Amino acid sequence: MSVESLINIIQRHNPEAATDFDFLKTCYSYAENAHRKQLRKSGEPYFMHCVRTAEILAQLRLDMDTICAGLMHDVLEDTGITRLELEKQFGKSIAHLVEGVTKIGRYKFSGGQRQRQAETYRKLLLATAEDLRVILIKLADRLHNMGTLDHLSDEQQLRIAKETLEIYAPIAHRLGIWSIMSRLEDLALKYILPDTYREIADLLNEKLEERQAYCKKMEAIIHTELKKHGIPANVRGRTKHIYSIYQKMYEKGTPFKDICDLVGLRVLVDDDWSCYSALGVLHLRWNYLPDRVRDWIGQPKKNGYQSLHTTILDDGKPIEIQIRSRGMHQVAENGIAAHWSYKEGVPTTKEALSIYANYKEMLDDIQDTQDVPDRFIESMKLELFQDEVYVFTPKGDIHALPVGSTAIDFAYRIHTEIGHTCYGAEVNNVLTPIREPLQNGDRIRILTHPKSTPSRSWLRIVKTANARTKIRNWFKEKDRVDALELGKKLLKAELQVSYLNANDYLKSPKLLEIAKQLGHASVEELCIRIGNAHESATQIVNRLKPEKTEVIPKKQKPKDVEPTIHLDNGIDLGMFRVMKCCNPIPGDDIVGYLTRGRGVSIHRNGCVRLLDEPERFVVVNMHAVEGTNYPAQIFVECDDKPGMLGEITTAIARCQVNIREGNFKSSTVTRINDTAADYFTLDVTGVEQLKKVMDAIKSINGVESVVRKM
């Protein structure tokens, strides 16, 4: 295509566009030279792709900067030209648009498949939020690429087709650009399900001539009927695209013969009032299906679409008819692009701003979920792939929601707190379950109560990304608060077990220091981690405890162990943990075990938890600290008779030893005939005092054995 042909397209589709065609010619020559030596997979000059992209943009009646950016949309990616050079030559606006399209193509994805897909979606959203023209150029670029997929491998065809169906076609739909959306969907289906595509195409071709003849007949009849009532109109047949037929056949289970809008007519009139007049004429002349009448003029769709829909019956045969003004038709075909301002390069009409505002609201809702790829993708599809119902507030304000939305979705659309405190709804003045799907025209009043809260089951019900995100955020915060409280309780309990003052230690700088050492910014975050079982309260308290024992390494080597690590090799011998599995106390035969990253664990020799890894053993001694007691557990087996427990505890008290804990209850599990088993945890100064207590208990008549628990 020559530059003159492109100029003719611009003049034909948009006579009011800028007439600075010298600038267009400069851009054309610049891009042609930049891509001169490049060929596509098909063998044609690469620059022809750029020209076709610009042609699609011209057919959308876009401004000159956008068309010129379409010509040059690949120069930054595929040539040595820089953004600065482009800006110096053609200005900031064009350089900005070309760079925006380039960024989408250049973005390097990371992570798994779902992560890459989420990043693709997010990058597109960011591009559209910054300047909507970027995505319009990308849609035109994708449309031409889809028409040339035959020259790529099967794997590339499938990947690009799926991406088109999941990302680009829905965005075109959301922006109201039916002319691009329908072609993208059909081309994607052709490569994703080629057999299905051919099957539907063959079914359409079987009686094509018959349908065309019938359409011509009905066009003439309707035109005559409208003219008779003084309504000038253009009546034409319309073709249902293959993908929409596929959706009805394979997703909704409708047989091909029962798809009533295979034969469809479109009536174009001069103004809004003529639309309603034409509808009245058709309903007077033919019977119609009341449940298939739709008024998208009084209640435009979010993407700006306006039209009246009805299905009339001609000798029992259903015919779907769309009635719209010529201006509405332009919007239906080209969406937001139909409202473009050619001087400023931005949408400035009330209609375009409304479409753009709704689109950006959708982007904001989706962006809230970007940290979780699966939720982000789910929200993206929820918002883009939606038919809509139109409902009202008690004051008559209208809101569009996805089909299947409930009063919960409506409540969150009004305000976050209304959603959080919603407990019921009145629909058309009737108390209705909040899970009930809403219908077109419903008037809804949400019932709230300060003590009402969301339910997790709502996440399975709501249809809007907005409601889903806000419910998840509420539970995320609630779970955080619950984890914080639980973490504090666990920490307090562990401190109390260790005879430490909880109030003092929870506010101590040392606890904050421990939190930061573990990578948490505050004690609160540490408690949340404990509450979520990601940190151990016991281990935290062990680090908080004042040193009760003094562990000094021996310089001599043990007789039966040849240590491979010496004191002078840099071991941090200050990192000791006295293990609770065997509760070593001063005077015990002990051994140190060098752990990975957690210092030295102190065990009693023979502890069952010690692994047979002599190379990790470190020789240590434990010395008692004056005035300090250590827990030791003993097991007493004795006659089960009255007064026995009292004699045992008296013997312990005479040795001036405190009983920290004991199991004093008789149990069939611990009884063997008339023998009872009692467990005690004693506070002792060391092995010597413990031996004295055990001997005192053994001397009691009726005590059969006293052993220390390992």
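User: Before we look at cysteines here, what counts as a disulfide?

Analyst: A disulfide is a pair of cysteine sulfur atoms within 2.5 Å. The general idea is that a disulfide is a covalent bond between the sulfur atoms of two cysteines. Keep in mind that this model is predicted. By that rule the count of disulfides comes to zero.

User: Why is C68 not bonded to C27?

Analyst: The closest cysteine sulfur to that of C68 belongs to C27, and at 3.6 Å it is too far away for a bond. C68 is buried, too, with a relative accessible area of 0%. Another cysteine, C638, counts as buried at 1% relative accessibility.

User: Let's get the overall picture. How many helices and strands does the chain have?

Analyst: There are 27 helices and 21 strands in the chain. Of its 710 residues, 49% count as buried. If you take contacts between residues at least 6 apart in sequence, 66% of them join residues at least 24 apart.

User: Back to the two cysteines. How do I read the packing of α2 and α4?

Analyst: Start with the angle and the distance between the axes. Helix α2 (residues 21-34) packs against helix α4 (residues 64-71) at about 15 degrees, and their axes are 9 Å apart. Angles under 35 degrees count as roughly parallel, so α2 is roughly parallel to α4. The crossing of α2 past α4 is right-handed.

User: Which residues of α2 and α4 make the contact?

Analyst: From α2 you have F21, F23, L24, C27, Y28 and A31, and from α4 there are M64, D65, I67, C68 and L71. So C27 and C68 both take part in this contact, even though their sulfurs are too far apart for a bond. By class, the contact of α2 with α4 has 10 nonpolar residues, one charged and no polar ones.

User: α2 has another partner in α6. Are α2 and α6 roughly parallel or roughly antiparallel?

Analyst: Read the angle again. α2 and helix α6 (residues 83-90) pack at about 155 degrees, with axes 12 Å apart. Anything over 145 counts as roughly antiparallel, and α2 and α6 are therefore roughly antiparallel to each other. α2 passes α6 in a right-handed crossing.

User: And which residues meet there?

Analyst: On the α2 side they are F23, T26, C27 and Y30, and on the α6 side L86, Q89 and F90. Sorted by class, the contact of α2 with α6 has five nonpolar, two polar and no charged residues.

User: Now backbone angles. What should I make of a positive phi?

Analyst: Most residues other than glycine have a negative phi. R61 departs from that pattern, with a positive phi near 65 degrees. You'll find R61 in the loop between α3 (47-59) and α4.

User: Is R61 buried or exposed?

Analyst: R61 counts as buried, at 17% relative accessibility. The cut-off for buried is under 20%. Compare that with Q656, which is not a glycine yet has a positive phi of about 60 degrees. Q656 is in the loop between α26 (644-654) and β19 (658-663), and it is exposed, with a relative accessible area of 70%.

User: What about the stretch just after α24?

Analyst: There A533 takes a positive phi of about 65 degrees. As for helix α24 itself (residues 523-531), its buried residues include V523, L526, C527, I528, I530 and G531.

Methods:
Residues numbered from 1 in each chain as written. Predicted model: local features only at pLDDT ≥ 70, side-chain atom pairs only at ≥ 80, totals over all residues. Heavy atoms only, no water. Axes fitted to C-alpha atoms, helices over the stretch in contact; angles between N-to-C directions. Helix = DSSP H or I, 4+ residues; strand = E, 2+ residues; numbered from the N terminus. Parallel < 35°, antiparallel > 145°, perpendicular 65-115°, else oblique. Left-handed = near helix turned anticlockwise from the far one by under 90°. Contact = heavy atoms within 4.5 Å. Nonpolar A, V, L, I, M, F, W, Y, C, P; charged D, E, K, R; others polar. Buried < 20%, exposed > 50% of the residue type's maximum accessible area, 1.4 Å probe, protein only.
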